[in-house]
Amino acid sequence: MVSAFFVFCGCVEQANVAVVEKWGRFLRLAEPGLHFFNPFAGEFVAGTLSTRVQSLDVRVETKTKDNVFVQLICTIQYRVVKENADDAFYELQNPQQQIQSYVFDVVRAIVPRMELDSLFEQKNEVAKSVLEELGKVMSDYGYSIEHILMVDIIPDAAVRRAMNDINAAQRLQLASVYKGEAEKILMVKKAEGEADAKYLSGVGIAKQRQAITDGLRENILNFSHTVSGTSAKEVMDLIMVTQYFDTIKELGDNSKNTTVFLPHGPGHVRDISDQIRNGVMEASSSNV
């Protein structure tokens, strides 16, 4: 009597796990490597599952607390738990659809409690809530949720335009404030500069007049001591006439000057000398 054994071998690739059945009933999990199966004993490979991290993009449309319709694009990264691959194989027929349904349920429960601005600021909190809820549910089916990324939040086109208009208006308002402050600073600095210039000009004129007064007084005293018999008034008249003619000469020598009309004659010269002499005497008396 001869006994014959028929054994077939199979190879499970890396990052995969095979589900082995016997007479239609789950027998064991076959990890990567070479395995032997006895088909005459009812053993065969029912299927394989990948243990790599997989990615699923889900687009959810909902509205916020302030009645703004938005679309949220979520990326779910999940994988099959090797030890529970039999649950993933037998429990869910379409795991991606199941994940998508749970994401819809969680997002539409959280986002309507948040305003649009808060949603942009707290999108990571939304992703964290989806991760916690989805992780608890999918772990019973042999799946592990690795990460959930809130990739984008897309409001309605009209809302985006309104938000851009508000932002642009705020920036224009801020620019106007800065521009006004800059103009104010320029005006203040200009006024301060003009005030300083006028003050320095006044100081210069005062010093100039003081120097002229001191010079005239010194000339009068020197001339009176040098030429005997002359009075201060005569010396003053002589100096005034001399300065008067020097002024006329300077006006004539300057090519940039246009026609200048000056009162001329002995009487006018006397009036000018009287005015200057009185000014010098007043200045001298005030200094005393």
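Lys-136 is exposed in the predicted model, with a relative accessibility of 55%. Its side chain meets that of Glu-133 in a salt bridge, with an N to O distance of 3.9 Å. Glu-133 is partly exposed, at 35% relative accessibility. Both residues belong to helix H4, which covers residues 123–139, and they lie three residues apart, or about one turn of the helix.

The structure holds two salt bridges. Besides the pair in H4, the side chains of Lys-189 and Glu-192 meet at 4.0 Å, N to O. These residues lie in helix H5 (residues 157–226), three residues apart, which is again about one turn of the helix. Lys-189 is exposed, its relative accessible area being 54%, whereas Glu-192 is partly exposed at 41%.

A charged residue without such a partner is found in strand S5, which spans residues 43–50 and contains Glu-43. Glu-43 is buried and has no salt bridge. The nearest side chain of opposite charge is that of Arg-28, 4.8 Å away; because a salt bridge requires a side-chain nitrogen of Lys or Arg within 4 Å of a carboxyl oxygen of Asp or Glu, this pair is not counted. With neighbours within four places in sequence left aside, the contacts of Glu-43 are Glu-21, Lys-22, Leu-27, Phe-36, Phe-37 and Asn-38.

Val-45 is also in strand S5. In contrast to the buried Glu-43, Val-45 is partly exposed, with 38% relative accessibility. When residues up to four places away in sequence are not counted, Val-45 touches Ala-18, Val-19 and Phe-37. Phe-37 also appears among the contacts of Glu-43. The C-alpha atoms of Val-45 and Ala-30 are separated by 8.9 Å, and the two residues are 15 positions apart along the chain.

Further along the chain, strand S6 (residues 54–63) pairs with strand S7 (residues 69–80). The pairing is antiparallel and runs over 10 bridges. Lys-63 stands opposite Phe-69 of S7. The two strands form a hairpin, with five residues between them. Asn-67, in the turn of this hairpin, has a positive phi of about 60°.

Positive phi values occur at two loop residues as well. Ala-15, which is not a glycine, has a positive phi of about 60°. This residue is placed in the loop between strand S1 (8–12) and strand S2 (16–22), and it is buried, with a relative accessible area of 18%. In Trp-23, another residue other than glycine, phi is positive and near 55°. Trp-23 lies in the loop between S2 and strand S3 (25–30). Ala-15 is buried, but Trp-23 is exposed, at 63% relative accessibility.

The count of disulfides comes to zero. Cys-11 is in no disulfide, and the nearest cysteine sulfur, which belongs to Cys-9, is 8.9 Å away. That pair does not qualify because the two sulfur atoms of a disulfide must be within 2.5 Å. Cys-11 is exposed, with a relative accessibility of 64%. Cys-74, by contrast, is buried, at 1% relative accessibility.

Across the chain as a whole, there are seven helices and eight strands. The chain has 288 residues, and buried residues make up 25% of them. Among contacts with a separation of 6 or more, 63% join residues that are 24 or more positions apart.

Confidence in the prediction varies along the sequence. The average pLDDT of the chain is 79, and 72% of the residues score at least 70. Over residues 1–6 the pLDDT is below 50. Beyond near neighbours in sequence, this stretch has three contacts in the model.

Terms used: Residues are numbered from 1 along each chain as its sequence is written. This is a predicted model: local features need pLDDT of at least 70, side-chain atom pairs count only at pLDDT 80 or more; totals for chains, interfaces and linings use all residues. Side-chain values use heavy atoms; hydrogens and water are left out. pLDDT is the predictor's confidence in each residue, from 0 to 100. Contact means heavy atoms within 4.5 Å. Helices (H or I, at least four residues) and strands (E, at least two) are DSSP runs, numbered from the N terminus. Buried means under 20% relative accessible area, exposed over 50%, partly exposed in between (1.4 Å probe, protein chains only). Two strands pair if DSSP finds at least two bridges between them. Lys and Arg count as positive and Asp and Glu as negative; His and the chain ends are not counted.
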